[in-house]
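Trainee: Got a minute? I have a new model open and I'd like to walk through its inside.
Mentor: Sure. Put it up and ask away.

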Amino acid sequence: MRGSRVGAQVLIGFDRGCGVKFEGSFELNAPPEKFFKVASDPRQFSKAIPDVRKVTVIDERQFAVEFVISLGPIKGNMKVDFRYEDVTPYSRVAVVGKGSGLQSTVNVRIDAQVEPSERGSRVKWAADLTVGGLAASVGGRLIESVTKEKVTEIIDNLRKIVERG
């Protein structure tokens with residue numbers, strides 16, 4: 001991803017599953033209002049999620065996404081119910097999700113802060129994921145690798161949607 005940085009931390013606990021935290025930032029060729037409009041719209045945000053099979057928009061603050069995921073030998077569908085929290089127009093948005101599938105559970109939170117910059121906007125983001133059940137049994141390194149790839153893809157897709165639209 002152009003001009004982005006990604007850091008990761010993996011936390012594993014047998015009682016809580018496997019937790020992964022990522023953070024990064026990137027420059028955007030669009031004003032903060034444009035990023036906020038895309039990131040806070042369930043229909044637009046869901047377009048950034050890779051391997052989506054189905055999106056159900058409940059209202060402007062809640063939506064559900066079914067997608068295909070592969071974690072080593074485990075492959076199948078996950079369904080995650082998302083809702084927006086901590087929304088401050090044109091500067092901050094958080095998307096929180098809770099889901100299940102593949103005899104596993106997932107909890108995710110993605111926070112994004114956007115501010116004006118010389119190019120247009122600077123977006124700072126953080127993602128916190130916890131995976132439990134069968135998926136957690138594949139190990140921390142695989143969880144870290146796959147979730148880092150997917151989170152980075154979501155962030156990059158958001159950037160592309162904003163800059164194209």
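Trainee: Which residues lie nearest the centre of the largest cavity?
Mentor: Keep in mind that this is a predicted model. Phe 67, Ile 69, Val 106, Leu 129 and Lys 150 lie nearest the centre. They are among the 23 residues that line the largest cavity.

Trainee: How much space lies in there?
Mentor: About 370 Å³.

Trainee: Which elements give two or more residues to that lining?
Mentor: Four strands and a helix: E4 (62-71), E5 (74-88), E7 (104-116), E8 (121-133) and helix H3 (140-164).

Trainee: Which one gives the most?
Mentor: H3, with five residues.

Trainee: And how does the lining split by class?
Mentor: There are 20 nonpolar residues, two polar and one charged.

Trainee: How many cavities of 30 Å³ or more are there?
Mentor: Two. The second largest has a volume of about 80 Å³.

Trainee: What lines the second largest one?
Mentor: Phe 26, Phe 35, Ala 39, Phe 45, Val 93, Val 95, Ile 110, Ala 112, Val 123, Trp 125, Ile 155 and Leu 158. By class, that is 12 nonpolar residues, no polar and no charged.

Trainee: Which elements supply at least two of those residues each?
Mentor: H1, strand E6 (92-101), E7, E8 and H3.

Trainee: Let's switch to H1. Which of its residues are buried?
Mentor: H1 covers residues 32-39. Its buried residues are Pro 32, Phe 35, Phe 36, Val 38 and Ala 39.

Trainee: Why do they count as being on the same side of H1?
Mentor: Because they cover an arc of only 165 degrees around the axis.

Trainee: Phe 35 keeps coming up. What does it touch?
Mentor: Leave out residues up to four places away in sequence, and Phe 35 touches Phe 26, Leu 28, Ala 112, Val 114, Val 123 and Val 162.

Trainee: Now the largest nonpolar core. Which members touch the most other members?
Mentor: Phe 35 again, along with Phe 45 and Phe 82. That core has 45 residues.

Trainee: Which elements give two or more residues to this core?
Mentor: Strand E2 (17-28), H1, E4, E5, E6, E7, E8 and H3. H3 gives the most, with eight residues.

Trainee: So where should I look to tie this together?
Mentor: Start with Phe 35. It is a buried residue of H1, it lines the second largest cavity, and it belongs to the largest nonpolar core. Then turn to H3. That helix gives the most to the lining of the largest cavity, and H3 also gives the most to the core.

Definitions and conventions. Residues are numbered from 1 along each chain as its sequence is written. This is a predicted model: local features need pLDDT of at least 70, side-chain atom pairs count only at pLDDT 80 or more; totals for chains, interfaces and linings use all residues. Side-chain values use heavy atoms; hydrogens and water are left out. Buried means under 20% relative accessible area, exposed over 50%, partly exposed in between (1.4 Å probe, protein chains only). The arc is that of the directions from the helix axis to the C-beta atoms. On a 1 Å grid over the protein atoms alone, a cavity is a set of points where a 1.4 Å probe fits but cannot get out, and a pocket is an open set with protein on both sides within 12 Å along at least five of seven lines; lining residues have an atom within 4 Å of a point. Grid points are joined across faces, edges and corners, and a volume is the space filled by probe spheres set on the points. Ala, Val, Leu, Ile, Met, Phe, Trp, Tyr, Cys and Pro count as nonpolar, Asp, Glu, Lys and Arg as charged, and the others, Gly among them, as polar. A nonpolar core is a set of buried Ala, Val, Leu, Ile, Met, Phe, Trp, Tyr and Cys residues joined through side-chain atoms within 4.5 Å. Contact means heavy atoms within 4.5 Å.
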